[in-house]
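User: I'm new to this one. Can you walk me through it?
Analyst: Sure, here it is.
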Amino acid sequence: MNRHFTANKTLQEEVHISEKKYRELAEMLPQVVFETDKDGFLTFVNQQAFTIFGFSRKDFSRGMNVLDRISPVDRNRCQENMAAIAQNGETDGNEYLAVRKDGTEFPMLVYSRRILRGGEFTGFSGLLIDITERKTSEKEREKMQRLESIGILAGGIAHDFNNLLTAILGGVSVALKSDKLDPQTISFLENAITASKQAQKLTHQLLTFAKGGSPVTKIQPLQQVIQNACQFALHGTVIHKIISLPDDLALAEFDEGQLSQAIQNIVINASQALPEGGVVQITGRNLEILHEVEKSLPIGQYVHISIEDDGVGIEPAVLELIFDPYFTTKVKGSGLGLTVTHSIIQKHGGILRVKSVPGKGTTFDIYLQAKQQQNPKVDEVEESIEKGRGRILILEDEAVIRKMLESMMTKLGYESLFAEHGEEALEK
């Protein structure tokens, strides 16, 4: 009898030691470890559960059911899976929307199995993984694939359209040089040039968005580019701008035209969120990331540009779509401005983020890699166009552009020789 009692006591001590080791190990894990009774009420969670869900141990001691931590949209499915686990033993990972104490939701992946004691089902145990970052990366990857596909199509169309516009602009410019035009005809031709230049701006946006619009960069200061872009975007508005860019703001490597366009698009977007006027605040700072907190912002030196407005803000459902091509909430708008901006920042190796609170305003954050050295300044040379004499060989595959160039060269006093492709050019 004593021998049986001693053996039983030894077994209980071993079980107790095993459970203690299990719980100590669970506290070390970055995932949530949990156990429940057969009705789903939690009997054990590690510290990570309190961190992720925002609950205290006092909340836990009052009694908590796992189903209450599942979003209503997934609760029935979770209950069905729990019944299946109780019946079959375990299941592959299941994705659910979880609910924190403050009511916010996040995606999680749950691996669980049933607990059997003495052959009897007594509850569940499992592991919960927060997959917010993974889901965000997947969405971003899908968006970039979609943008890339549309960009290839847009680039092809824009390239052909730009060629036609070049021919139109060149032809009209040559026509304007004629001495036999009456004032009305001159007015019509000037209007045609203005309209063509506006159309060219749209094709340049499409080319920037497409793969063909790679930036031509140089290392330079950002202050003047940002100042000029904001001045241009807010010209004629009643919006008050506050620009705070320190003198020691680091240099960055960028294409001045493209980055200016990106800043303008964001500031114009901000001004449209302020129909009754308001404030747009642009700030810059040097930022050093010492630890890789998130994959999208690696360790390194950055220039951080923030563009903030106190306008109407953007609803969460709309915020997810603002960088999608042709998406717009405006009556007049192409839906390309922010798409192009996103593309420009990405092609510069930068990061663009946006956060917004409906009714309180929106903030766009641009992160560009900081550079130390600066390219030497090149003195500007005033250009002048003079008529001349000679023979010029021009390689151009578009017939309408060849015709326009021939007229321009003749006006300038040159004889033109054309080739449609490289082999023909070498022959001539």
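Analyst: One definition before the helices: the expected span of a helix is 1.5 Å times one less than its number of residues. Also, this is a predicted model.

User: OK, how far does α4 reach from its first C-alpha to its last?
Analyst: Helix α4 covers residues 72-88, which is 17 residues, and it reaches 25 Å. That is close to the 24 Å expected.

User: Which residues of α4 are buried?
Analyst: D74, C78, N81, M82 and I85. Residues three or four places apart in an α-helix point the same way, because there are 3.6 residues a turn.

User: And what do the buried residues of α4 pack against?
Analyst: Three strands: β3 (94-99), β4 (105-117) and β5 (120-130).

User: What comes just after α4?
Analyst: G89, with a positive phi of about 115°.

User: Switching to the sheet. What order are the strands in?
Analyst: The order is β2-β1-β5-β4-β3, so to speak from one side to the other of an open sheet of 5 strands, with antiparallel pairing. β2 (42-45) and β3 are the edge strands, each pairing on one side only. On average, neighbouring strands are turned by 35° against each other, direction ignored.

User: Where does α4 sit relative to that, and at what angle to β3?
Analyst: α4 packs on the sheet and touches β3, β4 and β5. Its direction makes about 130° with that of β3.

User: How many bridges are there between β1 and β5?
Analyst: Strand β1, residues 32-37, pairs with β5 over 6 bridges in the antiparallel sense.

User: And which residue is the bridge partner of V33?
Analyst: L127, in β5.

User: New topic: how do α7 and α8 cross?
Analyst: The axes of α7 (residues 223-234) and α8 (residues 256-272) come within 8 Å and cross at roughly 45°. That angle makes α7 oblique to α8. The crossing is right-handed.

User: Which residues meet there?
Analyst: From α7, V225, A229, C230, F232, A233 and L234. On the α8 side they meet E256, S260, I263, Q264, V267, I268 and S271.

User: Last one. Is F188 buried or exposed?
Analyst: F188 counts as exposed, because its relative accessibility is 52% and the cut-off for exposed is over 50%. F188 lies in helix α6, residues 183-209.

User: What separates the C-alpha atoms of F188 and V172?
Analyst: A distance of 9.9 Å, with the two residues 16 residues apart along the chain.

Key:
Residues numbered from 1 in each chain as written. Predicted model: local features only at pLDDT ≥ 70, side-chain atom pairs only at ≥ 80, totals over all residues. Heavy atoms only, no water. Helix = DSSP H or I, 4+ residues; strand = E, 2+ residues; numbered from the N terminus. Buried < 20%, exposed > 50% of the residue type's maximum accessible area, 1.4 Å probe, protein only. Contact = heavy atoms within 4.5 Å. Pairing = 2+ DSSP bridges. Axes fitted to C-alpha atoms, helices over the stretch in contact; angles between N-to-C directions. Parallel < 35°, antiparallel > 145°, perpendicular 65-115°, else oblique. Left-handed = near helix turned anticlockwise from the far one by under 90°.
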